[in-house]
Amino acid sequence: MALILPLSLAACGAQPAPHMFGAERFEASRGGHDYVVFLKGSSVEVIRLGWASPGEHQAIRAIMIDLIPELTGCKLRESALQGDSGEMRGLVTCPRPGPRRAPSA
């Protein structure tokens with residue numbers, strides 16, 4: 001019985017906030033930490049996985065901010081960013097896809 005709960009929690013992994021269910025998921029490792037970025041419409045969520053020592057949080061926050069445009073191709077609206085080095089949420093502006101061209105014959 002004592003083994004069931006840890007195994008259940010380990011199987012969860014990083015899950016987005018409920019309003020981000022169905023979001024596109026991106027994963028990256030930087031500076032010895034793993035991150036998951038979720039993108040849904042103009043909303044973005046970044047989650048750091050695992051533990052971080054007290055002296056790492058400022059650098060981790062900067063990495064999380066840098067990962068948003070790197071992984072999603074969207075520009076972060078920094079004034080809308082909320083959160084800390086464990087989890088951040090914000091808004092992005094993504095480029096619109098160009099018009100599709102018919103295949104040439």
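## The E4–E5 hairpin

Let's start with two strands of this predicted model. E4 and E5 make a hairpin, and three residues sit between them. The two strands run antiparallel and are joined by five bridges. If you want one pair to look for, find Arg77: its bridge partner in E5 is Leu91.

Now follow the side chains along E5. They alternate: Met88, Gly90 and Val92 point to one face and are buried, while Glu87, Arg89, Leu91 and Thr93 point to the other face and are not buried.

## The whole chain at a glance

How many helices and strands does the chain have? There are two helices and five strands. Starting at the N terminus, their order is α-β-β-β-α-β-β.

The chain has 105 residues, and 31% of them count as buried. About 7,200 Å² of the chain is exposed, with carbon and sulfur atoms supplying 57% of that area. As for contacts with a separation of 6 or more, 41% come from residues that are 24 or more positions apart.

## Building the sheet

The five strands make an open sheet in the order E1-E2-E3-E5-E4, and the pairing is antiparallel. Why do E1 and E4 each have a side without a neighbour in the sheet? Strand E1 (24-30) and strand E4 (75-83) stand at the edges with a single partner strand each, so one side of each is left free of a neighbour. On average, neighbouring strands here are turned by 25° against each other, direction ignored.

Let's walk across the sheet from E1. E1 and E2 run antiparallel and are joined by seven bridges. They also form a hairpin with two residues between them, and Gly31 in the turn has a positive phi of about 55°. Arg30 has His33 in E2 as its bridge partner.

Next, strand E2 (residues 33-40) pairs with strand E3 (residues 43-49) in the antiparallel sense, over seven bridges. Here Leu39 stands opposite Val44 in E3. E3 then pairs with E5, also antiparallel, over five bridges. Val44 turns up again in this pairing, opposite Gly90 in E5.

## A helix on the sheet, and what lies inside

What packs on the sheet? Helix H2 (residues 57-72) does, touching E1, E2, E3, E4 and strand E5 (87-93). The direction of H2 makes about 45° with that of E2.

In soluble globular proteins, nonpolar side chains tend to be buried together. In this model, the largest nonpolar core has 18 residues. Those with the most contacts inside this core are Val37, Val44, Met64, Ile68, Leu76 and Val92. E1, E2, E3, H2, E4 and E5 each supply at least two residues of the core. H2 gives the largest share, five residues.

Take Val92, one of the buried residues of E5. Leaving aside residues up to four places away in sequence, Val92 touches Leu39, Gly41, Ser42, Val44, Ile68, Cys74, Lys75, Leu76 and Arg77. Apart from the 18-residue core lies another core, of six residues, including Ala14, Met20, Val36 and Phe38.

## Charged pairs

The structure holds four salt bridges. Which residue forms a salt bridge with Arg30? Glu70 does, and the closest N and O atoms are 2.1 Å apart. Glu70 lies in helix H2 and Arg30 in strand E1, so this pair ties together parts that are 40 residues apart in sequence. Both residues are partly exposed: Glu70 has 47% relative accessibility and Arg30 has 29%.

Arg25 and Glu27 form another salt bridge, with their closest N and O atoms 2.8 Å apart. Is Glu27 buried or exposed? Glu27 is exposed, with a relative accessible area of 55%, whereas Arg25 counts as partly exposed at 39%.

Over on E5, Arg89 forms a salt bridge with Glu87, and the closest N and O atoms are 2.9 Å apart. Arg89 is partly exposed at 33% relative accessibility, and Glu87 is partly exposed too, with a relative accessible area of 31%. Salt bridges that share partners link Glu45, Glu87 and Arg89 into one network.

Terms used. Residues numbered from 1 in each chain as written. Predicted model: local features only at pLDDT ≥ 70, side-chain atom pairs only at ≥ 80, totals over all residues. Heavy atoms only, no water. Helix = DSSP H or I, 4+ residues; strand = E, 2+ residues; numbered from the N terminus. Buried < 20%, exposed > 50% of the residue type's maximum accessible area, 1.4 Å probe, protein only. Contact = heavy atoms within 4.5 Å. Areas by Shrake-Rupley, 256 points an atom, 1.4 Å probe, with all protein chains shown as cover. Pairing = 2+ DSSP bridges. Axes fitted to C-alpha atoms, helices over the stretch in contact; angles between N-to-C directions. Core = buried A, V, L, I, M, F, W, Y, C linked by side-chain atoms within 4.5 Å. Salt bridge = Lys/Arg side-chain N within 4 Å of Asp/Glu carboxyl O.
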